[in-house]
Amino acid sequence: MAKIEYRKCAAYGCENKIVKNRKQLYCSATCRERMKAIRRRGKRIRKNLCPQCGKEMDFPVSDHRNKVYTSYCSKCKLYYKSRYKDKFKADLRA
Ligand SMILES: [Zn+2]
Ligand SMILES: [Zn+2]
């Protein structure tokens, strides 16, 4: 009987093992979708587009040296800001 070989899921940071002789790269649809999203973000960042929505940045990209975080367009920034605020409020209530 042939020994089943395993390899690691190709998704970034995933340690799950999958059977090697299958064409499958990822352990699950979750990993596949996650990597798809990561690749899409990378593509958008290289094109200087908002990594979240893929639209053009509507403000000048900061050339500040210390700026390492990816920024989003103003709309997405606002969205994240409000989401964070909601979360903060929820935490306070808990
Ligand atoms: Zn995985
Ligand atoms: Zn955006």
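This is a guided tour of a predicted model, moving from the whole chain to its helices and then to single residues in the loop between them.

**The whole chain**

Begin with the protein coloured by secondary structure, where you will find two helices and two strands, arranged in the order β-β-α-α when read from the N terminus. If you then colour by burial, expect few residues to stand out, since of the 94 residues of the protein 4% count as buried. A contact map gives a further view of the chain: among the contacts between residues at least 6 apart in sequence, 8% join residues at least 24 apart.

**Helix 1**

Next, select residues 29–46, which make up helix 1. Its end C-alpha atoms are 26 Å apart, and this agrees with the 26 Å that its 18 residues should span at 1.5 Å a residue. The number of buried residues among these 18 is zero, so helix 1 lies largely in the open.

**Asparagine 48**

Move on to asparagine 48, which takes a positive phi of about 60 degrees just after helix 1; the value deserves a look in a Ramachandran plot, given that the residue is not a glycine. Asparagine 48 belongs to the loop between helix 1 and helix 2, and it counts as exposed because it has 9 C-beta neighbours inside 10 Å, where 12 or fewer is the criterion.

**Glutamate 56 and methionine 57**

Staying in the loop between helix 1 and helix 2, select glutamate 56, which is exposed, with 10 other C-beta atoms within 10 Å. A distance label drawn from the C-alpha atom of glutamate 56 to that of tyrosine 72 should read 9.6 Å, although the two residues are 16 apart along the chain.

Now select methionine 57, also found in the loop between helix 1 and helix 2. Methionine 57 has 15 C-beta neighbours inside 10 Å and therefore counts as partly exposed. Leaving aside residues up to four places away in sequence, show its contacts, and Asn48, Leu49, Cys50 and Cys73 will appear; Asn48 is the residue with the positive phi that was visited above. A second distance label, from the C-alpha atom of methionine 57 to that of lysine 75, gives 9.6 Å for a pair separated by 18 residues along the chain.

**Helix 2**

Finally, select residues 74–93, which form helix 2. The expected span for its 20 residues, at 1.5 Å a residue, is 28 Å, and the end C-alpha atoms are 29 Å apart, which agrees. Helix 2 is hardly covered, as the count of buried residues among its 20 is zero.

Within helix 2, pick out lysine 77, which counts as partly exposed because it has 14 C-beta neighbours inside 10 Å. As a last step, draw the C-alpha to C-alpha distance from lysine 77 to glutamine 52, which comes to 9.5 Å for two residues that are 25 apart in sequence.

Key: Residues are numbered from 1 along each chain as its sequence is written. Chains are lettered from A and ligands numbered from 1 in the order in which they are written. This is a predicted model: local features need pLDDT of at least 70, side-chain atom pairs count only at pLDDT 80 or more; totals for chains, interfaces and linings use all residues. Helices (H or I, at least four residues) and strands (E, at least two) are DSSP runs, numbered from the N terminus. Two residues are in contact if their C-beta atoms, placed from the backbone, lie within 7 Å. The expected span of a helix is 1.5 Å times one less than its number of residues.
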